[in-house]
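Me: I've got a fold open on my screen and I'd like to learn how to read it. Can you walk me through it?

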Amino acid sequence: MKSMYIRTTDVEIYCKITGTGEPLLLLHGNGEDHQIFEHQIIHFSKQFQVIAMDTRGHGLSEHGKEILTFKKIAQDILAVLNYLNLEKIMIMGFSDGGNIALYFASHYPKRINKLVVIGANYKVNGLSEKSLTEIRREYAVLNILGNYFSKAEKKKQVIDLMWHQLDLKVDDLLAIKVPTLIVAGEYDVINESHTISIHKWINGSELVIIPKASHFLMIEKYEEFNQLVESFLCDV
């Protein structure tokens, strides 16, 4: 296991790298860091080279002076791959990390060979009304505080990745041609109809709804989840 900071165009990105084998990049959700994948790092590093990355503005990675966008985060991922001399990778993205994974797979198809997204949404209205209301409320408060405190402004930008910055289109999903596994919980904060739409638009994708599980299914039912993903990743 090794930890490192990788320089991109303007920030340093933290990565924890564990195991050997085919590279698997893990992308955490909004406001989180690589530690959300504790059970997955332990499990998948037995077979793969697991790269757990703190995305820009999260965890141990720098925020930078520019506004957080999917484009900038995707460029950070490219910088990490190039630094590690990785031509192609598999990606597992959770929540907002799943949204970023969808963006990366559609915009850089030659750099990815398999995709797993957990609790992802390509439009903001894919969220339950309760979750969307909470995001709007927090954003409004931070929008005021951001005029006085830089920490609040940065937090607002993180929240905004789930709202105004989420600009994926159906054409982006149609552009994804790699084998894709879509996973969500029965009681997810993502509307099930929206998850089914993602499955519909990504040709040949597989869809699994985990019974009696919430948005955090990979923590609640990590053994079941890990076995599901392992079967998908190892399937040739």
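**Reading the fold**

Reply: Sure, and keep in mind that this is a predicted model. Let's start with contacts: of those in the protein chain with a separation of 6 or more, 74% are between residues 24 or more positions apart.

Me: Which helices and strands does the chain have, by number?

Reply: The protein chain has nine helices and eight strands.

Me: How do I read the radius of gyration of the protein chain?

Reply: Set it against what a compact globule of that length would give. For 236 residues that would be near 18 Å, and the protein chain comes in at 17 Å, so the two agree. As for extents, the C-alpha trace spans about 55 × 40 × 35 Å along its principal axes.

Me: What share of the residues is buried, and what does the surface consist of?

Reply: Buried means under 20% relative accessible area. In this protein chain, 56% of the 236 residues are buried. The chain exposes about 11,000 Å², with carbon and sulfur atoms supplying 52% of that.

Me: And the charges: how far apart are the mean positions of the positive and negative ones?

Reply: They're 4 Å apart, counting 25 positive and 29 negative charges.

Me: Let's try one residue. Is T55 buried or exposed?

Reply: T55 counts as buried, because its relative accessibility is 2%, and the cut-off is under 20%. T55 sits in the loop between β4 (49-53) and α2 (70-83).

Me: Which residues does T55 touch?

Reply: Leaving out residues up to four places away in sequence, T55 touches L27, H28, S61 and I73.

Conventions:
Residues are numbered from 1 along each chain as its sequence is written. This is a predicted model: local features need pLDDT of at least 70, side-chain atom pairs count only at pLDDT 80 or more; totals for chains, interfaces and linings use all residues. Side-chain values use heavy atoms; hydrogens and water are left out. Helices (H or I, at least four residues) and strands (E, at least two) are DSSP runs, numbered from the N terminus. The radius of gyration is taken over C-alpha atoms; the globule rule is 2.2 Å times the number of residues to the power 0.38. Buried means under 20% relative accessible area, exposed over 50%, partly exposed in between (1.4 Å probe, protein chains only). Contact means heavy atoms within 4.5 Å. Accessible areas come from the Shrake-Rupley method with a 1.4 Å probe; for residues, only the protein chains shown count as cover. Lys and Arg count as positive and Asp and Glu as negative; His and the chain ends are not counted. The place of a charge is taken as NZ of Lys, CZ of Arg, CG of Asp or CD of Glu.
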